[in-house]
Amino acid sequence: QVQLVESGGGLVQPGDSLRLSCAASGRTFSSYTMAWFRQGPGKEREFVAMITWSAGSTYYADSVKGRFTISRDNAKSTVYLQMNSLKPEDTAVYYCAAKRIGVVDFGSWGQGTQVTVSS
């Protein structure tokens, strides 16, 4: 498994942008599918976005489609989540997750980074 460390969270106003980063340890980062999940106050953890190992395919939750962009730099073992036009309902702890190719479940998780959108 890889070790994941998120960064980039903070307090922003509605309409602002923020970029989250997730740095992974290990030499096999490029063989992992990476994703972002989030858990808002009093809510279940939910899927936000996913990117395949080659970055050939990306997937988004309907609630963030058109506003968020997931990307990865395999040379830096880092995955990013660019968040634009942030809304108060985007307030949550954002988690980075990884799974090996061919595995169903995400087996590696970061500790999370808080994003608060408030005026």
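## Surface and overall build

Accessible areas here come from the Shrake-Rupley method with a 1.4 Å probe. With that in hand, welcome to this predicted model, whose accessible surface comes to about 6200 Å². Carbon and sulfur atoms account for 47% of that surface. Of the 119 residues, 45% count as buried.

The protein has 11 strands and 0 helices, so its pattern along the sequence reads β-β-β-β-β-β-β-β-β-β-β. Its radius of gyration is 13 Å, close to the 14 Å that the globule rule gives for 119 residues, so the protein is as compact as a globular protein of that length. Taken along the principal axes, the C-alpha atoms fill a box of roughly 40 × 25 × 25 Å. If you like to think in contacts, take those between residues at least 6 apart in sequence: 54% of them join residues at least 24 apart.

## The disulfide

Searching the whole structure turns up 1 disulfide. It is formed by Cys22 and Cys96, with their sulfur atoms 2.1 Å apart. The two cysteines belong to distant parts of the chain: Cys22 sits in strand β3 (residues 18-24) and Cys96 in strand β9 (residues 92-100), 74 residues apart.

For anyone checking torsions, the link of Cys22 and Cys96 is left-handed, with -80 degrees about the S-S bond. Both Cys22 and Cys96 are buried.

## Salt bridges

The count comes to 4 salt bridges. One of them brings together the side chains of Arg67 and Asp90, at 2.8 Å from N to O. Arg67 lies in the loop between β6 (58-60) and β7 (68-73), while Asp90 lies in the loop between β8 (78-83) and β9, so this pair ties together parts that are 23 residues apart in sequence. Arg67 and Asp90 are both buried. Salt bridges that share partners join Arg38, Glu46, Arg67 and Asp90 into one network.

Within that group, the side chains of Arg38 and Glu46 meet in a salt bridge of 2.6 Å, N to O. How buried or exposed is Arg38? Arg38 has 5% relative accessibility, and buried means under 20%, so Arg38 counts as buried. Glu46, at 35%, counts as partly exposed because that value falls between the 20% and 50% cut-offs.

A further salt bridge pairs Lys65 with Asp62, the closest N and O atoms being 3.1 Å apart. Here Asp62 has 66% relative accessibility and therefore counts as exposed, the cut-off being over 50%.

Terms used
Residues numbered from 1 in each chain as written. Predicted model: local features only at pLDDT ≥ 70, side-chain atom pairs only at ≥ 80, totals over all residues. Heavy atoms only, no water. Disulfide = S-S within 2.5 Å. Helix = DSSP H or I, 4+ residues; strand = E, 2+ residues; numbered from the N terminus. Buried < 20%, exposed > 50% of the residue type's maximum accessible area, 1.4 Å probe, protein only. Rg over C-alpha atoms; globule rule 2.2 N^0.38 Å. Contact = heavy atoms within 4.5 Å.
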